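Work through the exercises below with the sequence and the 3D structure in view. Each task is followed by a solution in steps.

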Amino acid sequence: MNSQNWAAALLLTPLCALAADFEPALLKDVQPGATGSAPTNFFLHSNAFVYFSADDGTSGREIWRTDGGAVTNLAWDIAGGTTSSNPADFTEAAGGKIFFTYETPAVGRELGMVIPGGSPS
């Protein structure tokens, strides 16, 4: 075994051991039942929340957030009611603003922006 292979084996062995013992934990059952919420578009914001899109079966596919612990909730229901806004393409800009794309029947697919703690615009 050459030195590169030995170093790779040494580094990968602990990772493989961790992976074998890893069991995922459910943070929140966003849409209870077998259907699932199909969470996607995960985005880590500087405020320590992870924002993502999910469908709870009531609000459609909208923006959710989690701190990885006790707080996992619907952050913004852009389209309102059961209509989905299908938010995607999250990115953070100066001042903590979150830019993303979304769609509604009235405007089609557009660029949106929100400041955490505020309302989408």
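**Exercise 1: Thr66**

Thr66 belongs to strand 3, residues 61-66 (strands are DSSP runs of E, at least two residues, and helices runs of H or I, at least four, both numbered from the N terminus). The model is predicted: local features need pLDDT of at least 70 and side-chain atom pairs pLDDT 80 or more, while totals for chains, interfaces and linings use all residues. Residues are numbered from 1 along each chain as its sequence is written, and side-chain values use heavy atoms, without hydrogens and water.

Task: decide why Thr66 counts as buried, and find its polar partners.

Step 1. Thr66 counts as buried because its relative accessibility is 8%; buried means under 20% relative accessible area, exposed over 50%, partly exposed in between (1.4 Å probe, protein chains only).

Step 2. The side chains of Thr66 and Thr72 make a polar contact of 2.6 Å (a pair of N or O atoms within 3.5 Å; within protein, one must be able to donate a hydrogen and the other to accept it, and residues adjacent in sequence count only if both atoms are side-chain atoms). A polar atom of the Thr66 side chain also lies 3.0 Å from the backbone nitrogen of Gly68.

**Exercise 2: the sheet**

Task: state in what order the strands of the open sheet lie.

Step 1. The 4 strands follow the order 1-2-3-4 with antiparallel pairing (two strands pair if DSSP finds at least two bridges between them).

Step 2. Strand 1 and strand 4 (72-76) are the edge strands, each pairing on one side only.

Step 3. Strand 2 (residues 50-55) pairs with strand 3 over 6 bridges.
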